[in-house]
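Trainee: I have a structure open and don't know how to read it. Can we go through it together?

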Amino acid sequence: MSTRPESSHPGPYAGDGPDPHAAVPRPDGAAGVPARGQLLGLDGLRGLAALYVVLFHCRLLALPGFPHDSGPRWLSWLMYGRLAVVFFLVLSGFSLAVSPARAGWRTAGTGRFLRRRAWRILPPYWAALALSLAVGRFVVAASHHGPPDGRSVLVYGLVLQDMFTAPTPNGAFWSIGVEAELYLAFPLLLLVRRRLGAVAMVTGVTLLVAVRGLSAGAAGPAEGMNWLTPDLAPVFAAGMAGAGIVVAPDRIRRLPWHWFAALAAAPVVLLVAVEGPVWTVGHFYWIDLAVAPAMTMIIAAVATGRPAPLVRLLTTRPARGLGDISYSLYLIHLPVVMTVVRRVAPRFVAPGMPAFWFTVLLALPVSVLSAWLFARIFELPFKRNRSWSSMRAAARARRTGPAPERPRVGPGPGADAA
């Protein structure tokens, strides 16, 4: 866990990759998975994770004292927002690697991959940055270092916040910088996966982090305001490796990955429950590595259709709808929550649990509705279209309506019956 004031905020899963959810042709020729269908449930996972992030921030801001637990014990499950960044990054690596996995772990080109990532991620991010700058300047500062300034605009506008320090306009934005750097590393990780295999890829990245941690002693290296990408690269690589399960033979796909995930998660969950949030936050450097395998396996389980009750839940319309706007929800929810906690709640309720419930009941629905509107304007058009020309054509089609159907010319029905 970073010691910086802003770094307690978990990061997003920042969108889908090139055909990220496309179901994969079965190498063994088995039927049952369409070549260009969806891996059901991943959008739902995204949506629920984003919802957890909002609840985490409601608790973090309304019940101050983090990492000390100043609320009731039954709310302690909301203390671990850092684990959301791990889940989002595992899911990001998994989703981005599905399409290359279908093609022998190759992409259509590094330049094309990075352009598509920029097209998908940057427009809503920049719009959210403008909104956050306005809120941070005129409503409520998002940083302990004061309102955002010109350096903030430069650093965050260029997505360099993991390399350089500036007053943050939005405490959630730190992980966007991490994700952007991992995109740059993705082609190299893919090359290692193709040449040396998944074990070598994950082990190589993890060993570098483990050696650094062991040489630091105590809980692990102290995380500052920047340079978190190397610490989190192993969880991204773990997700990439997990994508191989989707393209594996049927005997691998049918393994009970959800039960494997539960077994892998049990020791970590028990340790966190016994030691509590203060210890856990101080040891996130190692907890991140320990929990990544379980997260990878539960994502793989959902992607292969198990457990069925969970997949059914994740594919309900509300879960899928939340998944559709999850990136927007992550980007803009924090200014909403901070405004409610610091400007609205003090006028109506006492601090502590009354402020927490007030924040949940007001900020949560406002965040979701705002994200829905924000996504319709700044995110979904870039998600549905791959270029400006495609976007202009879609806009013209909306204005003019569908083209009239041309009259049918030639033999009518039954002409070939003879």
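**Overall picture**

Mentor: Of the 418 residues of the protein, 53% count as buried, where buried means under 20% relative accessible area, exposed over 50% and partly exposed in between (1.4 Å probe, protein chains only). This is a predicted model, in which local features need pLDDT of at least 70 and side-chain atom pairs count only at pLDDT 80 or more, while totals for chains, interfaces and linings use all residues. Residues are numbered from 1 along each chain as its sequence is written, and side-chain values use heavy atoms, with hydrogens and water left out.

Trainee: How many helices and strands does the protein have?

Mentor: There are 15 helices and zero strands. Helices (H or I, at least four residues) and strands (E, at least two) are DSSP runs, numbered from the N terminus.

Trainee: And what share of the contacts comes from residues 24 or more positions apart?

Mentor: Such residues account for 78% of the contacts with a separation of 6 or more. Contact means heavy atoms within 4.5 Å.

Trainee: Now the rings. How many aromatic pairs are there?

Mentor: Rings of Phe, Tyr and Trp (its six-membered ring) pair if their centres lie within 6.5 Å; planes under 30 degrees apart count as stacked, over 60 as edge-to-face and the rest as tilted. By this rule there are 15 aromatic pairs. One of them is W119 with W388, edge-to-face, at 5.2 Å centre to centre and 85° between the planes.

Trainee: Where do W119 and W388 lie?

Mentor: W119 is in helix α3 (residues 110–138) and W388 is in helix α15 (residues 388–400), so the pair ties together parts that are 269 residues apart in sequence. W119 counts as buried, at 14% relative accessibility.

Trainee: What about F186 and F236, how are their rings placed?

Mentor: Their ring centres are 6.2 Å apart and the planes are at 75°, so this pair is edge-to-face. F186 belongs to helix α5 (residues 174–196) and F236 to helix α7 (residues 229–242), so the pair links distant parts of the chain, 50 residues apart. F186 is buried at 1% relative accessibility, and F236 is buried at 0%.

Trainee: Which residues form a cluster with them?

Mentor: F113 and Y183 join F186 and F236 in one aromatic cluster. Y183 also has R117 over its face, at 5.2 Å from the ring centre. A charge sits over a ring if NZ of Lys or CZ of Arg is within 6 Å of the ring centre and within 35 degrees of the ring normal.

Trainee: Back to α5 and α7. At what angle do they cross?

Mentor: Their axes come within 10 Å and cross at roughly 55°. That makes α5 oblique to α7. Axes are lines fitted to C-alpha atoms, for helices over the stretch in contact, and angles run from 0 to 180 degrees between N-to-C directions. Angles under 35 degrees count as roughly parallel, over 145 as roughly antiparallel, 65 to 115 as roughly perpendicular and the rest as oblique.

Trainee: Is the crossing of α5 and α7 left-handed or right-handed?

Mentor: Right-handed. A crossing is left-handed if the near helix is turned anticlockwise from the far one by less than a right angle, and right-handed if clockwise.

Trainee: How do α6 and α7 cross?

Mentor: The axes of helix α6 (residues 198–216) and α7 come within 9 Å and cross at roughly 160°. The two are therefore roughly antiparallel, and their crossing is left-handed. Residues making the contact include M201 and V205 of α6 and A233 and A237 of α7.

Trainee: New topic. Which peptide bonds are cis?

Mentor: One is the bond from F66 to P67, with omega near 10°; P67 is in the loop between α1 (42–62) and α2 (82–102). Another joins R306 and P307, with omega about -10°; P307 is in the loop between α10 (284–303) and α11 (308–314).

Trainee: Why point those out?

Mentor: Because most peptide bonds are trans, and most residues other than glycine have a negative phi. V159 has a positive phi, near 60°, and W227 has one of about 60°.

Trainee: Is W227 buried or exposed?

Mentor: W227 is exposed, at 52% relative accessibility, and lies in the loop between α6 and α7. V159 is buried, at 13%, in the loop between α4 (150–157) and α5.
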